[in-house]
Structure formats: C-alpha cells, structure tokens
Amino acid sequence: MRLRSLLMLACSVVPLAAVPAQQKIDRRLPLDPNGMFKFFVSSGSVRIVGWDVDSIVVTGTISAKSQFYFGGGRQGVKGGVEGDGVQAMADLLVKVPRRARLWIRGGDADVQVDGTSGPLDCGSASGTVRIHGTAPELTAETMGGDLVVQASPEYLRLKTATGRVEFTGGAEDGAIATVSGRVTVRGGGFTRRGRIETVTGDVRYEGGIGDGGVLAVDSHAGHVDLLLPRSVNATLMVAAAVSDLFGLRSTADPTKAPGGISRNLGGATSGATITVRTFKGRVTATSP
Amino acid sequence: MPPLPASFSIPSPMDDDIARAQRGDVDAFERLYRTHVGRVNALCIRLTGGRGAEELLQDVFVRIWEKLPSFRGESALGSWMHRVAVNVYLVSRRSELRREARVVTSDEPESLGVDAARGFVTDDPDARIDLERAIARLPAGARAAFVLHDIEGYLHEEIAEMQGIAAATVRAQLHRARKLLIEVLES
Amino acid sequence: MTDHRLSPDDPRLDALQRAADDLPREVAPAAAAWPAIRARIEEARVVPMGAQTPTARRRASSRWRLAAAAAVLVVGSSATTVLVMRSEADAPATAAAPTAATTTAASPSTPGATSPGNVGAARQVARSVWADYDAASVDLERVLQARRSRLSPATVQAVEESLRTIDRAIGEARAAFEKDPASRDLMDLLDSVYRQKLDLLRRANELPLRSS
C-alpha cells in the first residue's frame with residue numbers, strides 16, 4: 001500500500017515524456033518496371049522520382065496522428081497517408097521504377113513528379129502539381145493549385161479551376177482547361193490536335209502547330225495571345241461575339257497591324273488550322 | 001496492417017473513367033476508347049472485310065457511349081464492348097446475313113461452292129493471298145462465323161442467338177468458311 | 001470440283017486454326033477516328049430528348065469543325081499575323097476565298113448564322129438545351145453540398161469562386177444570345193461554358209474527402 005502510494009505520487013509529479021510530433025517513414029516494396037503505383041497524400045507534399053531499380057521506396061515523415069498505408073505485389077503497389085485533415089501532414093520522397101504507371105493524388109498536398117517515363121495520372125485539390133518527365137500519356141488536375149508541366153507526351157490533359165497552367169513542351173493530342181486560371185503554353189505546342197478552354201483565364205500560346213494540325217481556343221472573356229513561329233503555316237479564324245468589346249478592331253486593317261501582313265488562304269493548302277472563339281476577350285496573334 | 005478506412009478507397013483509374021464516362025465525361029470516354037479501340041477495330045475490319053470498317057467503328061463507339069450507363073461491371077469492359085461491336089455489325093447486316101444463311105442451307109452445295117469460290121479469283125494469280133485478305137473475301141455470313149468463332153472464340157449458340165438464326169446454320173457457315181479459306185490458301 | 005466436305009480430322013483445319021490464332025488481336029485505327037466519334041457524341045448531347053430536329057442537329061457543333069468566321073487570315077512564314085473580325089455583322093473587307101481547309105465552314109456570306117426561318121426554333125432548342133444543363137448542374141451541386149464540409153476550405157473556395165465566374169459568363173452569353181439567336185458561335189461558346197461547369201462539378205464531386 002505504501003509502495004503504491006509512493007508510485008502514484010511519483011507519477012503525478014514526473015512529467016510524461018513528450019509525444020513525438022512526427023513519424024519517420026522508410027518502407028520498400030518490389031515493383032516490376034511496368035507495374036502500377038497508386039498513392040494518396042492528404043496534406044503536405046510528396047515528391048515522386050523515377051529510378052532504374054525494380055522497387056518502390058518511401059522515405060520521409062508524416063505527422064504523429066497520420067496513418068501510413070503501403071502494400072501490394074510486383075504488379076501493383078498502393079499506398080498513402082490518411083488522417084484528420086490538417087493533422088495528416090506528410091513530407092515524403094517516393095522512388096519508383098522509371099516506367100511504372102503512376103496514379104498520384106494529393107488531397108491538398110503539393111505533388112512533384114520528376115524523371116518518370118510511364119503513363120501518369122496526377123492530381124491535387126488545392127496543392128500545386130509539378131511534373132518534369134517523359135510520360136507518353138499525362139493527365140493532371142487541380143482545383144485551386146497550379147499545374148506546372150514540362151513534358152512532351154503524345155496525349156495530354158491538364159485541368160484546373162482557379163489554378164494556373166504552365167505547359168512547356170509538345171503534345172500530339174493535348175487539351176487544357178481552366179475557369180479563371182491563366183494558361184501558358186511554350187515549346188513545341190500541339191502537333192496534331194490541341195484544345196484550350198477557359199472562361200476568364202487568359203491564354204498565352206507560344207508554341208508551334210504541326211502541318212495539318214488543329215488548335216482550338218475557346219475563352220469567354222480571357223485574353224488570348226498567340227505567338228507563333230514564323231515557320232508556322234496556318235489558317236487562323238477568330239470569332240468574337242461582342243463587337244464593341246473586341247479589342248482589335250483598330251488593328252483589323254492589315255496596313256495598321258504592327259508588322260503584320262495577311263496572306264491569302266490560297267497559300268495554305270496543307271497548313272494547320274487555328275480557331276479562336278471568344279465572347280468578349282481580346283485576341284492577338286503575332287510572330288516574334 | 002490495419003484495414004484501410006472507408007475514406008481511403010482508391011478506385012483504379014479505369015474504374016474512375018468508367019464512372020465518369022457513364023456520367024457524361026467525354027474525356028474519360030476517350031481514355032476508355034484508347035484502351036480498347038485496338039481490339040474493337042480489329043474486329044470491325046475482319047467482320048466487314050475492310051469495306052466500311054471505319055464507319056462501323058464509329059457506329060460501335062457511339063453505341064457504346066449510348067449504352068455505357070447500363071454497364072454494371074458483370075463482365076470486363078473490353079468484353080462488353082466487344083459484344084456491342086458484334087451486335088452493331090450484325091444488326092446492320094441482318095438482311096444480308098439472313099439471305100446468305102438461306103443460301104447456305106440450300107440443296108445445291110456444288111453450286112454454292114462455285115459461286116463462293118468465284119470471289120476468290122485474285123487480280124494477280126501469282127500473288128499469295130494471306131489469311132487476312134482471304135478472310136476479307138469470304139461471303140459475309142461465312143466471314144462472320146469464322147471471325148466470331150475461330151478468331152474471337154464465340155460459341156456456335158452465341159453466334160446463332162446474336163444473328164437470330166439456327167446454330168446448325170452457323171456450323172454450316174463456319175464449315176463453308178474453313179473450306180473456302182483452305183482452298184484459297186492452298187491455291 | 002473440290003470435295004465440299006472437310007473431315008473434322010483434316011490436319012489442314014489445325015493449320016488454319018493456328019494461323020487464325022497468330023493473327024494480331026489489335027489493329028490501331030486511323031487518327032481521324034476519335035474526332036469523328038467525338039463529334040457524333042457531342043452532337044447527340046446538345047439535342048434534348050425528343051427534340052431531334054434537323055435544325056437542332058445542324059446547330060449542334062463539333063469543336064473540331066471549322067468555326068464559320070466572317071474572314072480568315074493566313075499566318076505565313078514571312079509575316080506576323082493580323083486578326084480578324086467578328087463572325088456576322090462586320091462586312092469582311094478581307095474575306096478570303098474558301099480553300100480545302102475551309103470547305104466544311106459555312107459560306108462567307110452567312111458565317112456562323114442560322115437561316116431566318118429557323119431563328120425561333122433556334123431559340124426554343126437553345127432554351128431546352130440550357131434547361132437540361134441547368135438540371136444536371138442542380139443535381140451535381142446538390143451532391144457537392146453534401147460533401148462540402150469534408151473538403152478543405154481552399155478547395156471549397158476555388159470551386160465556389162469558379163462556379164460564380166462560370167454563372168456570370170453564362171448569364172452574359174445567354175443575354176447576348178437572346179438578342180442574336182442566329183449566332184452559331186454564341187451557341188458553341190455557351191455550350192463550351194456549360195460543359196466546363198458540369199465538368200467542374202463532376203471533378204469536385206470526385207475529390208477525395210477528408211476523414212471526419
């Protein structure tokens with residue numbers, strides 16, 4: 001009895017050891033070179049890096065109240081970090097076989113993908129998504145977060161709502177959509193087919209377009225600026241619905257256009273087609 | 001390892017796309033299209049003998065789009081699409097196929113053989129006719145029976161039900177197809 | 001005449017089956033196949049159930065058809081480009097002759113326009129289509145409301161701000177369309193904005209939820 005009382009007294013005065021604020025993660029699983037990897041992170045950041053090893057390695061830290069899941073076989077591995085909203089913070093580095101097929105989701109987390117060459121489907125609700133790789137098919141979506149992509153896939157689909165989209169590279173078949181986010185395309189552009197849609201987001205297209213390619217830009221009120229290489233041979237058609245808000249009426253006369261000369265269609269027998277439709281946005285098209 | 005919480009259900013990307021496409025997302029449908037079009041296109045080319053294959057492919061995927069909301073996952077999506085393709089083809093050629101089915105079961109097999117073989121005379125008698133081209137030149141009903149049974153693996157009864165003809169007729173068409181193909185490939 | 005019967009044991013049957021088994025199971029389609037399919041799907045989507053009128057079909061637009069602008073310019077290798085006029089009212093001083101690239105466009109004299117006799121029908125069909133879009137939006141917004149508390153505040157803000165932006169755009173475009181129901185380009189733009197609204201709502205409803 002006396003010993004128990006002493007112990008109880010000791011416990012009441014000795015401070016409890018501090019609960020660790022983070023958990024360390026260091027996990028590894030084998031995955032075939034063309035295997036599938038699915039990963040979800042609620043908050044924080046995750047960086048995916050392609051490497052030439054038939055394994056997935058996850059390292060980093062997650063918050064104390066998070067739960068980490070990781071499992072699967074050589075054909076496919078699934079993992080993620082789940083918890084209670086803000087408290088499920090993660091800061092993770094994931095190394096994956098370079099050609100693995102990836103499905104990555106960040107609830108509000110920032111996602112970065114580097115050096116992978118397998119098909120990629122990536123998204124975050126309000127986090128930023130950055131991709132630098134050679135995926136043949138690339139789909140990336142956010143709502144409020146930005147999309148920054150440097151790649152040249154055959155098939156490209158990028159969507160945000162308020163986030164901006166920066167795409168540097170080329171795509172055979174590409175589509176970019178935002179509501180108010182600004183869209184910037186640089187590099188090769190769309191070689192066979194491209195579509196850009198915004199509601200109020202501005203569009204700056206500094207890319208090329210392949211022979212016989214089709215580029216369609218729809219923006220209700222965003223400004224559309226096309227900067228096309230001199231080598232581009234295309235038919236450009238613009239339709240705008242509200243004439244008194246159509247900003248280029250003063251430059252519609254070719255002689256007043258800044259360095260601009262129009263060409264008859266007769267010369268573009270095998271050229272590309274660029275179509276811009278806007279309700280009240282300004283549209284310009286120039287060559288550097 | 002503890003079980004995943006309910007909120008952490010990650011459907012496969014394909015499941016995502018099926019659900020999205022069923023709700024009208026054309027971009028998701030395009031991804032399904034790209035995954036399955038190779039096999040469906042091969043079927044369309046062989047069923048039509050190459051003539052009108054592109055139009056059939058379009059008709060098939062438009063029909064798949066229309067019927068997708070009714071897909072409940074009882075089979076793999078690819079298998080389901082395949083059956084839709086077969087049905088679209090068979091419906092479009094119903095009268096032609098039924099007419100040929102009546103001819104196959106006529107009482108003059110010798111004349112059938114001559115008539116059927118006539119279509120196999122090539123412009124270049126020295127050219128080898130590979131199997132694909134030989135299939136393309138089969139009469140429509142025989143071609144359908146061969147493609148669906150010997151290439152795609154449907155049962156006689158399945159083919160018969162899809163065409164609204166007797167299984168015995170399908171067997172006869174299949175026999176006819178094989179005989180003609182062997183004759184042509186040996187010539 | 002060759003014996004028209006084949007014995008089931010005929011070894012040539014095995015050889016034929018092996019050859020059939022070796023045939024490729026997949027053949028890639030022409031690149032133009034998907035755009036054609038998409039065009040047919042999108043045409044069918046614009047027309048509401050029961051309103052399959054030829055007028056409605058002509059009006060339904062595939063984004064891969066060329067826009068019927070009043071005038072067209074060519075961006076060539078030796079020049080910077082100049083821009084073009086709006087689709088209908090302006091007399092196109094630099095209207096160019098149609099080329100192979102524009103053979104599917106409407107004639108330059110009535111670019112993007114509907115014949116006067118169909119204007120009333122155009123307005124009616126458009127309102128019917130918008131009603132379908134609005135109904136679909138209401139359903140999706142109801143689902144979003146139920147999920148709202150389990151999305152992050154930043155995500156909710158992005159979605160709601162975007163919906164307000166889209167609804168403003170729809171209001172402006174519909175008001176303009178009521179004054180100019182002959183404008184095919186306006187219809188196409190409205191269709192684009194409506195589809196973006198539905199796509200936004202679908203995507204929001206598919207976002208992973210935070211655990212409660």
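Visitor: Hello! Which strand of chain A pairs with strand β18 (residues 214-219) in the parallel sense?
Guide: Welcome! This is a predicted model, and in chain A the pairing of β18 runs over 6 bridges. One residue pair shows the link: V217(A) has V276(A) as its bridge partner. V276(A) sits in the strand of residues 272-278, and the partner of β18(A) is therefore, with strands taken as DSSP runs numbered from the N terminus, the one labelled β21(A).

Visitor: How many residues of β21(A) are buried?
Guide: Let's take the two faces in turn. A272(A), I274(A), V276(A) and T278(A) point one way and are buried. T273(A), T275(A) and R277(A) point the other way, and they are buried too. For the strand, the count of buried residues is 7 of 7.

Visitor: Which strand gives the largest share of the largest nonpolar core?
Guide: That core has 64 residues, and those with the most contacts inside it include V46(A), A90(A) and L102(A). Its largest share, 6 residues, comes from residues 165-177 of chain A, which form strand β15.

Visitor: Which domains of chain A each give this core at least three residues?
Guide: C122(A) and I131(A) are also among the residues with the most contacts inside the core. At least three core residues come from each of two domains, with bounds 20-116 and 152-288. In chain A these are domain 1 and domain 2.

Visitor: Beyond its neighbours within four places in sequence, which residues is V46(A) in contact with?
Guide: V46(A) is one of the residues with the most contacts inside the largest core. Among its partners is A90(A), itself another residue with the most contacts there. Setting aside neighbours within four places, the list is F39(A), V41(A), A90(A), L92(A), V94(A), G106(A), A109(A) and V111(A).

Visitor: How many residues does the second, separate core have?
Guide: Chain B residues appear in this one: A21(B), V37(B), L138(B) and L148(B) are included. Chain B itself has 10 helices and 0 strands, and 39% of its 187 residues are buried. The size of the second core is 48 residues.

Visitor: Where along chain C does its strand fall in the pattern of elements?
Guide: Chain C has 6 helices and 1 strand. Reading along the sequence, the strand has helices on both sides, in the pattern α-α-α-β-α-α-α.

Visitor: Which element of chain C has the lowest confidence?
Guide: The mean pLDDT of chain C is 66, with 61% of its residues at 70 or more. Below 50 lies the stretch of residues 46-114, although the model gives it 187 contacts beyond near neighbours in sequence. At the high end is helix α5 (residues 153-179) of chain C, with a mean of 92, while the lowest, at 29 over residues 72-75, is strand β1 of chain C.

Visitor: How many contacts beyond four places in sequence does the model have for residues 5-17 of chain A?
Guide: Chain A has a mean pLDDT of 81, but its helix α1 (residues 2-13) has the lowest mean among its elements, 48. Residues 243-270 of chain A stay under 50 in pLDDT and have 61 such contacts. Residues 5-17 of chain A also stay under 50, and their number of contacts is 0.

Visitor: What ipTM and pTM does the model score?
Guide: Per-residue confidence was our topic just now, with a mean pLDDT of 81 for chain A and 66 for chain C. The scores you ask about are ipTM 0.82 and pTM 0.60.

Methods:
Residues numbered from 1 in each chain as written. Chains lettered and ligands numbered in written order. Predicted model: local features only at pLDDT ≥ 70, side-chain atom pairs only at ≥ 80, totals over all residues. Core = buried A, V, L, I, M, F, W, Y, C linked by C-beta atoms within 7 Å. Buried ≥ 20, exposed ≤ 12 C-beta atoms within 10 Å, placed from the backbone. Helix = DSSP H or I, 4+ residues; strand = E, 2+ residues; numbered from the N terminus. Domains from an automatic or database assignment. Contact = placed C-beta atoms within 7 Å. Pairing = 2+ DSSP bridges. pLDDT = per-residue confidence, 0-100.
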